[in-house]
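Please open the model in your viewer and keep the selection panel at hand. The stops below say what to select and what is to be found there.

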2 protein chains.
Amino acid sequence: MLRAAVALADERGAEGLTMRKLATELGVEAMSLYNHVASKEDLLDGMVDIVFGEIDFSSDSPDWKAAMRQRAIATRNALLRHRWATGLMESRTNPGPESFRVHDAVLGCLRRAGFSLEMTVHAYSAQDAYIYGFALQEKTLVFDTSDEGAAEAARQMQEFEAVLADYPHLVEVVGGHVAKAGYNFDAEFLFGLDLILDGLDRLRGRN
Amino acid sequence: MLRAAVALADERGAEGLTMRKLATELGVEAMSLYNHVASKEDLLDGMVDIVFGEIDFSSDSPDWKAAMRQRAIATRNALLRHRWATGLMESRTNPGPESFRVHDAVLGCLRRAGFSLEMTVHAYSAQDAYIYGFALQEKTLVFDTSDEGAAEAARQMQEFEAVLADYPHLVEVVGGHVAKAGYNFDAEFLFGLDLILDGLDRLRGRN
DNA sequence: ACCTGAACACCGTTCAAGT
DNA sequence: ACCTGAACACCGTTCAAGT
């Protein structure tokens with residue numbers, strides 16, 4: 001049932017996930033779901049933990065930076081597969097076992113690498129803020145490649161053009177670089193990630 | 001009207017903002033709102049732009065790092081005042097003039113500081129992912145100080161205790177540091193922010 | 001130009017009743 | 001133990017009708 005809910009949200013988005021639609025998907029009436037789940041919030045908790053379960057992170061590597069890098073990439077990939085989960089992963093008040101597993105593994109990796117208690121919290125906080133924040137931005141900025149999407153984008157660009165005269169830097173940077181072919185979210189993600197990891201490496205052992 | 005909507009969302013949260021409730025707040029029927037707004041999405045666009053309007057950023061400082069730091073803090077403060085906006089700021093497909101103003105000012109500041117086009121995008125992306133991601137985490141983690149909140153927290157802690165034996169690092173780090181008095185979100189935010197800004201400074205002029 | 005009553009197509013959820 | 005029909009209290013939104 002949780003699996004069906006995840007599949008439905010993957011296909012139709014967060015607002016496409018409805019108790020009624022999920023029920024019909026399962027060949028059942030909406031009210032039957034309440035025999036397996038206390039509420040929709042409860043359902044979402046379970047779904048989020050499934051996504052955490054897809055982040056496989058084996059922390060036994062001797063190279064903490066490589067391990068953290070791999071885990072960050074795995075997290076982002078899981079969020080790309082389940083865009084509806086972005087913004088929900090860190091905002092659930094009832095974390096599940098897979099969430100605990102991942103967090104514990106990350107903290108263990110950092111402690112073993114020689115980070116102090118304080119620095120471990122700093123490192124964890126900075127990395128996760130970045131990972132989830134990047135996914136949040138990417139969720140919107142990814143271009144709709146459908147026909148209507150392209151038409152809509154063209155329409156917006158035209159509408160913007162009159163206004164954009166007031167924002168020269170926006171024009172220069174977006175028009176001159178981001179809108180060009182070759183701009184790559186994967187590379188962008190890795191830039192910021194490595195910036196943080198390198199910075200943390202410099203502070204390892206401190207405090 | 002937008003102001004009233006923001007006030008209502010500040011008080012009752014995102015899900016407390018309803019066309020019907022907003023209407024009664026304004027002494028009017030729900031359907032009347034559609035004379036001033038095309039839809040609820042349109043309303044949210046306007047509200048988000050009000051929040052962007054509260055981020056005052058004068059980029060004429062010669063010290064780019066100080067300017068970016070101040071702007072990051074101003075952004076976080078705006079999000080603390082309007083928690084419902086976290087997760088919406090970067091996810092609107094119809095950005096308003098205040099959004100353009102802030103983004104243009106940031107890009108201009110970076111360009112003037114000597115960042116290349118490519119590096120400007122990197123710097124902007126890394127910072128904003130961090131700022132909005134941090135706000136997203138903080139939104140949940142901030143403790144409810146009401147009586148029910150405290151009772152709920154105590155209940156959860158007890159419930160968790162049995163499980164936590166499997167997660168030694170979680171126990172060590174959360175129990176030994178984060179749960180202690182003195183843990184401070186402001187300081188945590190600044191740590192990651194300065195980590196990124198210092199890293200960017202090292203790369204300025206490159207590429 | 002602005003407001004409204006009635007209505008439509010949805011939500012999540014409860015509860016007594018069925019098997 | 002699991003399912004269901006009917007119902008409740010909500011949503012956003014449309015539209016013809018009023019001033």
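Begin this walk through a predicted model by selecting DNA strand D together with the 16 residues around it, among which Glu29(A), His36(A), Arg20(B), Tyr34(B) and Lys40(B) come nearest. Of the atoms of DNA strand D that come within 4 Å of the protein, sugar and phosphate account for 53%. If you colour this surface by residue class, six residues will show as nonpolar, five as polar and five as charged.

Next, select helix α2 of chain B, residues 19–25, which with three residues gives the most to the surface near DNA strand D. At Met19(B), show the backbone, where a polar atom lies 3.1 Å from a phosphate oxygen of DNA strand D. At Arg20(B), show the side chain instead, since an N or O atom there is 2.5 Å from a base nitrogen of DNA strand D. Then add Thr18(B), whose side chain places a polar atom 3.4 Å from a sugar or linking oxygen of DNA strand D.

Now move to DNA strand C, which 16 residues surround, the closest being Arg20(A), Tyr34(A), Glu29(B), Asn35(B) and His36(B). Within 4 Å of the protein, 53% of the atoms of DNA strand C belong to sugar or phosphate, and the rest belong to bases. The surface near DNA strand C is made up of six nonpolar, five polar and five charged residues, and helix α2 of chain A (residues 19–25) gives the most to it, with three residues.

Three side chains are worth displaying here together with the phosphate oxygens of DNA strand C. In chain A, Lys40(A) has a polar side-chain atom 2.9 Å from one of these oxygens, while an N or O atom in the side chain of Lys21(A) is 3.4 Å from a phosphate oxygen. From chain B, select Ser32(B), where an N or O atom of the side chain is 3.0 Å from a phosphate oxygen of the strand.

Hide the DNA for the next stop and select the contact between the two protein chains, which takes 54 residues from chain A and 54 residues from chain B. The area buried between chain A and chain B is about 4800 Å², and carbon and sulfur atoms give 70% of it. On the side of chain A, highlight Phe100(A), Gln137(A) and Leu195(A), which lose the most area to chain B and together make up 12% of what that side buries.

How many salt bridges are there between chain A and chain B? The count is two, and to see a salt bridge you can select Arg111(A) and Glu172(B), whose closest N and O atoms are 2.7 Å apart. Between the chains there are also 12 residue pairs in polar contact. The elements giving two or more residues to the side of chain A that touches chain B are α5 (97–112), α6 (117–141), α7 (147–164), α8 (168–178) and α9 (185–203) of chain A. Of these, α6(A) supplies the largest share, 16 residues. By class, this side of chain A holds 24 nonpolar, 18 polar and 12 charged residues.

Finally, superpose chain A on chain B, which takes a rotation of 180° with 0.0 Å of shift along its axis and gives an RMSD of 0.0 Å. That is the relation of a two-fold axis. To find the axis in the viewer, centre on Gly133(A), whose C-alpha, at 1.8 Å, comes closest to it among the residues of chain A. Because 100% of the interface residues of chain A are also interface residues in chain B, the copies meet through the same surface.

Terms used
Residues numbered from 1 in each chain as written. Chains lettered and ligands numbered in written order. Predicted model: local features only at pLDDT ≥ 70, side-chain atom pairs only at ≥ 80, totals over all residues. Heavy atoms only, no water. Near = heavy atom within 4 Å. Polar contact = N/O pair within 3.5 Å; in protein donor to acceptor, adjacent residues only side chain to side chain. Helix = DSSP H or I, 4+ residues; strand = E, 2+ residues; numbered from the N terminus. Nonpolar A, V, L, I, M, F, W, Y, C, P; charged D, E, K, R; others polar. Contact = heavy atoms within 4.5 Å. Buried area = accessible area lost by both parts, 1.4 Å probe. Salt bridge = Lys/Arg side-chain N within 4 Å of Asp/Glu carboxyl O. Least-squares fit on C-alpha atoms with pLDDT ≥ 70 in both.
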